[in-house]
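Subject: A structure to look through, with notes

Dear colleague,

I am passing on a structure that I would like you to look through at your own pace. Please open it first, and then read the notes below beside it.

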Amino acid sequence: MAHEIRSFFSQQRVGFAYGSLASGADILIAEALLDRGVPLQVVLPFDTAEFERTSVAPAGPAWVDRFRMCLGRADSVVHASDSSFMGDDELFGYAGRIAMGHALNRAAFLDAPALQLAIWDQAEGIVLAGTAHDVAVWNASGHPTHVIALRPPERAPEEAGPHSATRHIGAILFTDLHGFSRLRDEQFPLFVDEVLGSLGAVLDDHGETVLWRNCWGDAIAAVFSDVIEAADCALGLHEALTRIDLEAMGLPRDLELRIGAHAGPVIAITDPVTHKPTYWGRELTRAARIEPRTPEGQVYVTDAFAALLSLEPAAPFATEYVGRVTTAKEFETIPMYQLRRRR
């Protein structure tokens, strides 16, 4: 297999590469790329030490050594989630989609073609992760895959599945209205009916793709089943606000939305205070820290959101890199993108 991988790369002009580093094919591909001087961008689904224990060490100490060597020579290492694995296999599929999305965004920026290399035995495997999942996602994005075929397994592999899977991947919005704190009591009935009513109607338009929503004061939070619906809703909220004649209603005419969006694993747990189903998780905290740093009238999204959106070729949205932004309460400094509709 190593010979076939190197033979394939000898016929290509590879400028950069994105992927994971599990024992076996991942590491063989990474070694061939590094030997050719190709910058390697590693995307791991969770913490490096836990990934090593889960996806490398079971194959033996020699693979651990090779994993650490590749990691040390990589240009960058990012973690799709900084929470624990918890047996959620979907995190592997999520990390794969993040890696593929980053590759597509980089290729688009360079106006270069993007190609996937898969070492595959044609087995279907786990629905939410694995080679079959990654090939299907990549092909759906409209880009080609080169497959180095393996002999099919003599019997179907056992699917471990997510044995404690309390999480799934959701797209998260947090919004805030600049100027809300200046409202007086006599203005609230109109604000609630006209402003919040219009924003709520936008969420209504997205039906069952809105998995959860909440509102307090001028803030709206929502979790969606996919990034396309979340992107359309985020921009739709801005557009709905611009159609309201605030001055004619006696409301501050500079009321403007700030919207932050992210995508990542979320947890559905019933709130013991409200007794209502609610979404929780570190990725919601991350999304909440983005909105305060977003300029009024804009939507800022994380690189995870932008990566997943790039895998949807028919989506009428574009993301433009704005730089590394330190989010509220000094939570972190991360790459950020502005979301807009395609012209």
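A good place to begin is the pair Arg282 and Asp82, whose side chains meet in a salt bridge with 2.8 Å from N to O; by salt bridge I intend a side-chain nitrogen of Lys or Arg within 4 Å of a carboxyl oxygen of Asp or Glu. This pair links distant parts of the chain, since Arg282 belongs to helix 9 (residues 282-290) and Asp82 to the loop between strand 3 (76-79) and helix 5 (90-110), 200 residues apart. Helices (H or I, at least four residues) and strands (E, at least two) are DSSP runs, numbered from the N terminus.

Before going further, please keep in mind that this is a predicted model, in which local features need pLDDT of at least 70 and side-chain atom pairs count only at pLDDT 80 or more, while totals for chains, interfaces and linings use all residues. Residues are numbered from 1 along each chain as its sequence is written, and side-chain values use heavy atoms, with hydrogens and water left out.

Asp82 also meets Arg286 in a salt bridge, at 2.9 Å from N to O, and Arg286 lies in helix 9, 204 residues from Asp82. Is Arg286 buried or exposed? Arg286 is buried, with a relative accessible area of 9%, whereas Asp82 is partly exposed at 41% and Arg282 is partly exposed at 37%; here buried means under 20% relative accessible area, exposed over 50%, and partly exposed in between (1.4 Å probe, protein chains only).

Another salt bridge joins Arg341 to Asp232, with the closest N and O atoms 2.9 Å apart. Arg341 is in strand 13 (residues 333-341) and Asp232 in helix 8, 109 residues apart, which again links distant parts of the chain. Arg341 is partly exposed, with a relative accessible area of 28%, and Asp232 is partly exposed with a value of 28%. Salt bridges that share partners join Asp82, Arg282, Glu283, Arg286 and Glu332 into one network, and a search of the whole structure finds 18 salt bridges. Leaving out residues up to four places away in sequence, Asp232 touches His206, Phe317 and Arg341, where contact means heavy atoms within 4.5 Å.

Turning to the interior, the largest nonpolar core has 51 residues, and those with the most contacts inside it are Phe191, Val195, Phe224 and Phe305. Such a core is a set of buried Ala, Val, Leu, Ile, Met, Phe, Trp, Tyr and Cys residues joined through side-chain atoms within 4.5 Å. Its largest share, nine residues, comes from helix 8 (residues 227-242). Apart from this core lies another, of 31 residues, among them Val38, Phe67, Cys70 and Ile148. As background, nonpolar side chains tend to be buried together in soluble globular proteins.

Within the larger set, Val195 touches Leu177, Leu190, Leu241, Ile244, Leu246 and Leu251, again not counting residues up to four places away in sequence.

With kind regards
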